[in-house]
Amino acid sequence: MTTIRQQLTRRLLLGMGSLLLVGAAVVYGTTRTALTRQFDETLRAQATALASAVEEDNGRIVVDSADDIVREFNRPEGGTFFQVWGTNGAVDVVSPSLRDRRLPWPASHLASSGCWNTTLTGGLAIRAIALKFQPHPADEANVAHPASAPVETILVVAADRRHLNQSLTTLAVILAGSSLLVLMLTGGLVPLLLRRELAPLEALAGQAQRITAESLATRFATDGLPGELTPISTRLNDLLQRLQAAFARERQFSDDLAHELRTPIAELRSLAELARKWPEERNDDQVLAIALQMESIVTRLLALARVSQGSATTEVQPVNLTGLVEAVARQLDERRANGRLSFQFELPPALTIQSDPTLVRAIVTNLLDNAVEYSAPDTTVKIVGTFHNHAFQLHFTNTVRQLDAADVPHLFERFWRKDAARTGGDHAGLGLPLARALATSLGCTLTAALNETSQLTLTFSGPTETNRTAGPI
Amino acid sequence: MRVLLVEDSVRLQQSVGAALRRSGYAVDISGDGEDGLWRATGEAYDVIVLDVMLPKLDGLALLKTLRARGCATHVLLLTARDQVADRVTGLQAGADDYLVKPFALEELLARVQALCRRGYGRKDNRLAIADLEIDTAAKQVWRAGAPVKLKPREYQLLEYLAHRTGAVVSQSEIEAHLYDDEATLMSNVVESALSSLRRKLSAANPTPLIQTRRGLGYILEAPPQ
């Protein structure tokens, strides 16, 4: 796996290497050009000066050896040479420094006035310049009346260029060596710096890598982090917090579900084993009751899952809320009587809304069922309906036992029950969560409020007309 | 043997209670933690089968209170929680055993029986006093090699006396350990059961094993050689 540190190291070294290469090339090129130009100018000056010492004496080319400039060409170790060709191409004069060696004929270089590299016979590397001119007569008196036609003379002046080459080679070596040294130092320094500067990032990555489902309580430090990492750390902490809450909810849901199902399964199993061992203890009514309880739990859980996923279908049509509430209340009449309860209706004659009758019925059934189940004996369950500004409200108020204000927010949590032991009854704490989920899917709301006289009011409200189809919650 | 079942599920109360009674235990049933604690501290139980999630007072709090009050009765915890941490918490609170719902009734009975044995310092299912042999697992009795047919109450009386071999057991102790709240105790119920038991045990060997200590109680021991 390639890391940012490795990538940065590689790219920084590559970038630094390229810069050094280009820099060295520029320095070398510039210096080479400057040195060569300087060399050439010296050579050209020498050639011009020498040309003034070349004379024509009765058709013969001579060089005034008494001239100071000519004396420089006398010593072989001086490293400067010249050679003069006459009109017919014959060599007329050569510098003593050439000894038995000869300069090459300039040929194509005559057209340009530039210098060129060449070698002496014998292999000595030299740089030469060629001048084509008419030498002045040796006898100044004949200048006005020359005895013969002007003589075209070719003068080639050359100098040993080994020093120049050596200087350039030394420069190249110095540049290459220093570049390599800088590159090596960079190679050592860059990883160290990157390791130090990227340490917070690596610490962040290491901490993130160690996070598992069991360590979601971990939080990333945000103090002392570089500015670029602070928002990442903050967002990761937010994400962890949400994940932790989601995991906790999931775990709680699983625990609750396990408990809700384990108890009836334990009851069923013990009843079955008891009946098998002692057939006279067989109790089919209990078995049926347990089966119905489990069926109720599973049905409500499935309904909740469907509504939560938005897979419940709705069919919007007129729903007479007044009639529906009274019909559901009649179904609960026996349980109402057993609990010594009474119903009190305050509903408009025909409170009609546009909604899904099946889902609305399920909501009303759950709310009334809840009121009947948890009302104190000898109390009244009051159902009040209102209609105002294209919105309806249904209030279900009953007197509850052992419920306080702190419990109200939990009423719509799945499997929540006041009694932590979840003792007895066929209620699994799914009725109100299901009712709220259904209400939300219809674009309505379901809220709860408890007053100081232990009267719990569940309010189902929403628009009187909706064409909303059930959606995910 | 007398067992206290503290369980809030009415159906489990009925089925487990019936299974325990059918297995020869005297069973008292309690539906919440407060009542369970009151019974557990007021009566002499051999084993308490205790649900963890109880109304009014949860099982773990009940157990801790019991242990704090010096009650050493063996406790079998019964719960829907199956995580290791839950078991550790239960055992650390003073439970002797742990059973997760749903459970096999046979397993519960076997664990209750094992806890009863441990209460009398025994690890073996077989008890032997002279030529009397008792298999507490199969609930069978032999005298001088011959099987002895006993009624459940007679068997429970014999097993209880056998567990306390060599010790004088008072009539009230017998009543406390063998008869639950549902039994209607007549004044001579223990004497009557003892008389019947003695008669059946002497069928194979007339040497009496159960002696009466006037004013003190009864003792089951091997006759002197």
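User: Before we start, what makes a residue buried here?

Analyst: It's a neighbour count on C-beta atoms placed from the backbone. With 12 or fewer others within 10 Å a residue is exposed, and in between it is partly exposed. To be buried, the count has to be 20 or more.

User: What share of chain B is buried?

Analyst: This is a predicted model, where local features need pLDDT of at least 70, side-chain atom pairs count only at pLDDT 80 or more, and totals for chains, interfaces and linings use all residues. Residues are numbered from 1 along each chain as its sequence is written, with chains lettered from A and ligands numbered from 1 in the order in which they are written. Of the 225 residues in chain B, the buried share is 43%.

User: Which residues of strand S7 in chain B point to the buried face?

Analyst: Strands are DSSP runs of E, at least two residues long, numbered from the N terminus. Side chains alternate along S7 (residues 132-135), and B:Glu133 and B:Asp135 point to the face that isn't buried. The buried ones on the other face are B:Leu132 and B:Ile134.

User: What is the bridge partner of B:Glu133 in S8(B)?

Analyst: Strands pair if DSSP finds at least two bridges between them. S7(B) and S8(B) (residues 140-143) are antiparallel, with four bridges. In S8(B), B:Glu133 is matched with B:Trp142.

User: And which residue has a positive phi in the turn between S6(B) and S7(B)?

Analyst: S6(B) (residues 126-129) runs antiparallel to S7(B), joined by four bridges. Two residues sit between the strands of this hairpin. The one with a phi of about 55° is B:Ala130.
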